[in-house]
Amino acid sequence: MDVNLTELEKRFLSELEVIESIGALELLEADYLGKKWKLKAILWGIKDMSIEEKKQIGVKANELKNSFTDFLVSKKEALKKALIEKRVQEESIDVTLSYSSKMRGHKHPISHTTELLEDIFISLGFKIEDGPQIEDERHNFDMLNIPDNHPARDVWDTFWISDEINNHKNPGEKLLLRTHTSPVQIRTMLSQDLPIKVIVPWRVFRYEQEDARHTCNFYQLEGLVVGEGVTFWDLKWTLDTVMKELLGKKTELRFRPSIFPFTEPSAEVDVSCQICGGTGRVWDRRCSMCSGTGWVELLGAGMVHPKVLEGCGIDPMKYSGFAFGMGIDRIAAQRFWVSSSRMFYQSKLKMNEQF
Ligand code: PHE
């Protein structure tokens with residue numbers, strides 16, 4: 001009997017050796033370890049053996065079965081590894097290959113607009129700051145004079161980080177995807193000496209019903225100037241200069257009174273529509289970009305609220321500041337005459353290749 005088992009092992013190993021695919025390996029497995037295993041055991045003549053012999057052979061057969069299993073498992077691993085290696089080889093990209101210069105690509109209109117804005121602000125003496133996109137409640141809301149339960153929180157529809165994480169955090173430490181770039185105002189005032197003159201471009205998130213002007217992910221550019229004798233006039237001059245530089249000398253700005261908990265007084269700022277030149281009409285039709293009003297809302301702004309300054313350890317009796325937050329998407333839409341900022345996120349080459 002022993003001879004038979006040794007034979008079987010030899011046969012198994014030689015068959016295993018030539019196997020090159022997982023499919024064939026599974027067939028071999030069925031062959032040796034499936035129902036047929038029993039069949040073979042019977043064929044070897046177990047039924048003719050004495051009880052003692054049957055016991056012995058049973059133990060050996062079991063050992064063999066276990067070793068077959070081990071062989072099959074390691075072969076399967078080896079085959080899988082080889083398969084992955086083959087795919088990696090086949091699918092790897094040779095970055096040294098030459099390419100057609102026509103395929104060089106170009107900047108996305110939002111990156112392009114951001115860089116233009118950065119250049120203009122740098123020329124006016126601003127520094128660029130950055131902050132985390134996953135923010136805490138304290139910086140995104142509390143320290144901007146928007147405490148918990150303040151109705152103004154509803155204005156910023158928020159993506160909170162999952163309860164599993166946030167339920168273990170104290171109020172103020174709960175995490176969210178920042179709803180605006182304003183928390184970086186706080187971070188800057190807490191960490192830098194006066195005077196402060198910074199811009200903070202980049203990504204923000206809101207839980208929005210998406211339409212032509214609203215997307216869940218969009219881009220803002222925050223501005224903050226704090227020092228002695230900073231006035232609303234400085235704010236107006238700065239925004240007027242930047243928008244004329246960006247959109248053209250004929251661009252006009254309109255300040256409308258508004259409310260933000262972190263600025264006082266506050267304003268919303270519109271620019272004269274670039275599509276219809278502020279007339280509200282294009283070829284005798286109502287301009288769809290500005291809904292015929294001649295104005296497009298681009299940003300919120302105001303004088304930094306004394307409470308916000310105080311919270312950051314700045315004496316509001318001695319210092320003052322202005323802040324603004326503009327939608328980069330909207331500015332890009334104005335600059336490039338795109339009627340819906342949602343188009344910027346649809347990855348449509350037909351659209352993106354026009355810039
Ligand atoms: N953070 C405000 C928003 O997202 C905009 C803003 C910034 C308003 C700075 C005033 C001052 O709506």
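1. His-180 and the ligand. In this predicted model, an N or O atom in the side chain of His-180 lies 2.9 Å from a nitrogen atom of the ligand. Start here when you open the structure.

2. Two further polar contacts. Ser-182 also places a polar side-chain atom 2.9 Å from a nitrogen atom of the ligand. Gln-220 meets an oxygen atom of the ligand instead: an N or O atom of the Gln-220 side chain is 3.0 Å away from that oxygen. How much of the ligand does the protein bury? The ligand taken alone exposes 330 Å², and the protein buries 93% of that.

3. The ligand's surroundings. There are 15 residues around the ligand. The ones that come nearest are His-180, Ser-182, Arg-206, Gln-220 and Gly-325. His-180 and Ser-182 each face a ligand nitrogen, while Gln-220 faces a ligand oxygen.

4. Aromatic pairs. Now to the rings. The count comes to 13 aromatic pairs. One of them joins Phe-12 and Phe-68, with 3.9 Å from centre to centre and 15° between the planes. This pair is stacked.

5. Where that pair sits. Phe-12 belongs to helix 1, residues 2–17. Phe-68 belongs to helix 4, residues 51–91. The two residues are 56 apart in the chain, and their pair links distant parts of it. Are these two residues buried or exposed? Both Phe-12 and Phe-68 are buried.

6. A second stacked pair. Why does the pair of Tyr-219 and Tyr-345 count as stacked? Their ring planes stand at 15°, which is under the 30 degrees required. Their ring centres are 6.4 Å apart, and the pairing limit is 6.5 Å.

7. What the tyrosines connect. Tyr-219 is in strand 5 (residues 217–227), and Tyr-345 is in the loop between helix 11 (328–336) and helix 12 (349–352). The pair therefore ties together parts that are 126 residues apart in sequence. The partners can be set side by side for burial. Tyr-219 has a relative accessible area of 11%, so this residue is buried. Tyr-345, at 29% relative accessibility, counts as partly exposed.

8. A cluster of rings. Phe-12 and Phe-68 return here. Together with Tyr-32 and Phe-71, they form one aromatic cluster.

9. Charges over rings. Which residue has its charged end over the ring of Phe-255? That residue is Lys-236, whose charged end sits 5.1 Å from the ring centre. Arg-335 has its charged end over the ring of Phe-336, at 5.8 Å from the centre.

Conventions:
Residues numbered from 1 in each chain as written. Predicted model: local features only at pLDDT ≥ 70, side-chain atom pairs only at ≥ 80, totals over all residues. Heavy atoms only, no water. Phe/Tyr/Trp six-rings, centres within 6.5 Å; stacked < 30°, edge-to-face > 60°. Helix = DSSP H or I, 4+ residues; strand = E, 2+ residues; numbered from the N terminus. Buried < 20%, exposed > 50% of the residue type's maximum accessible area, 1.4 Å probe, protein only. Lys NZ or Arg CZ within 6 Å of the ring centre and 35° of its normal. Near = heavy atom within 4 Å. Polar contact = N/O pair within 3.5 Å; in protein donor to acceptor, adjacent residues only side chain to side chain. Areas by Shrake-Rupley, 256 points an atom, 1.4 Å probe, with all protein chains shown as cover.
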